[in-house]
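Work through these exercises with the structure in view. Try each task before reading its solution.

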Amino acid sequence: NAGTEADVYISVYGERGDTGSRQLLRSQKPKKFLKGQTDIFTLEAVHLGHLYKIVIGHNGLGSGNGWFLDKVVIRDSITDLDYTFLCHRWLDQGQDDGNIARELTVTDASTFPGRQELELKREETWAAEKWKFQKGNTLQFYNRLTHGFICLTPDSRVDALGDKKNKYGKVFFLWMYA
């Protein structure tokens, strides 16, 4: 359910102006905005110079209107440059932060190849795993080489023995592989 049937709109901003809000109507695919699909659209506009941001969103109408957007790549047909705008978030009133539109800035892939994608993955992983580090939780790390545990207790102590049965209740095992 990561695709959408809602009407999707985009505004592209460059050093010479912007396109205004444009609906993305005709994809090169028979059905647009399906989960896991890459859609390609042609957008006609005056040359905007170097692009720096986009605003992309949908109208929230229709069944299953929530949408997970990975990224947008815009190819400037005049300069033959690609501009990448990473999102990797939901545009959904019932998911993430509830926004159905996102303002995305250009990724300078030539300076830091893959850096922003890596940072987004790191943030996504932390969002999914941070509950384990809440007050009162105990973490045990298992070392495959020594077959032992290292226990991090709620009172900030480190126990290199890491007893599996302890007084702290919730215990989470993190299997560390090197």
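**Exercise 1.** Is Gly136 buried, partly exposed or exposed?

*Solution.* The model is predicted.
Step 1. Find the residue. Gly136 sits in the loop between α1 (115-129) and β8 (138-143).
Step 2. Read its relative accessible area. For Gly136 the value is 34%.
Step 3. Apply the cut-offs. Buried means under 20%, and exposed means over 50%. Gly136 is therefore partly exposed, since its value of 34% lies in between.
Step 4. Look across space. Thr153 is 17 residues away from Gly136 in sequence, and the two C-alpha atoms are 8.0 Å apart.

**Exercise 2.** Outline the protein chain.

*Solution.*
Step 1. Count the elements. There are one helix and 11 strands.
Step 2. Put them in order. Along the sequence the pattern reads β-β-β-β-β-β-β-α-β-β-β-β.
Step 3. Check burial. Of the 178 residues, 30% count as buried.
Step 4. Check the surface. The chain exposes about 12200 Å², and carbon and sulfur atoms supply 52% of that area.
Step 5. Check the contacts. Take those with a separation of 6 or more: 51% of them join residues 24 or more positions apart.

**Exercise 3.** Which residues touch the most other members of the largest nonpolar core?

*Solution.*
Step 1. Recall a general tendency. In soluble globular proteins, nonpolar side chains tend to be buried together.
Step 2. Name the residues. The core has 18 residues, and Ile54, Ile56, Leu69, Val72 and Phe85 touch the most other members.
Step 3. Name the elements. Those giving two or more residues to this core are β1 (8-14), β4, β5 (67-76) and β6 (81-91).
Step 4. Zoom in on Val72. Beyond its neighbours within four places in sequence, Val72 is in contact with Ile10, Ile54, Ile56, Tyr83, Thr84 and Phe85.

**Exercise 4.** What lies 2.8 Å from a polar atom of the His58 side chain?

*Solution.*
Step 1. Place His58. This residue belongs to strand β4 (residues 51-58).
Step 2. Judge its burial. His58 has a relative accessible area of 6%, so it is buried.
Step 3. Find the partner. The backbone oxygen of Leu91 lies at that 2.8 Å distance.
Step 4. List the residues around it. Not counting residues up to four places away in sequence, His58 touches Ala6, Asp7, Val8, Asn65, Trp67, Leu91 and Ile100.

**Exercise 5.** Which residues join Ile150 in a nonpolar surface patch?

*Solution.*
Step 1. Locate Ile150. Strand β9 (residues 148-152) holds this residue.
Step 2. Check exposure. Ile150 is partly exposed, at 40% relative accessible area.
Step 3. Complete the patch. Leu152 and Val158 join Ile150, and together the three have about 240 Å² of accessible area.

Terms used:
Residues numbered from 1 in each chain as written. Predicted model: local features only at pLDDT ≥ 70, side-chain atom pairs only at ≥ 80, totals over all residues. Heavy atoms only, no water. Patch = residues over 30% accessible without salt bridge, like charges linked within 9 Å, V, L, I, M, F, W, Y side chains within 5 Å. Areas by Shrake-Rupley, 256 points an atom, 1.4 Å probe, with all protein chains shown as cover. Salt bridge = Lys/Arg side-chain N within 4 Å of Asp/Glu carboxyl O. Helix = DSSP H or I, 4+ residues; strand = E, 2+ residues; numbered from the N terminus. Buried < 20%, exposed > 50% of the residue type's maximum accessible area, 1.4 Å probe, protein only. Polar contact = N/O pair within 3.5 Å; in protein donor to acceptor, adjacent residues only side chain to side chain. Contact = heavy atoms within 4.5 Å. Core = buried A, V, L, I, M, F, W, Y, C linked by side-chain atoms within 4.5 Å.
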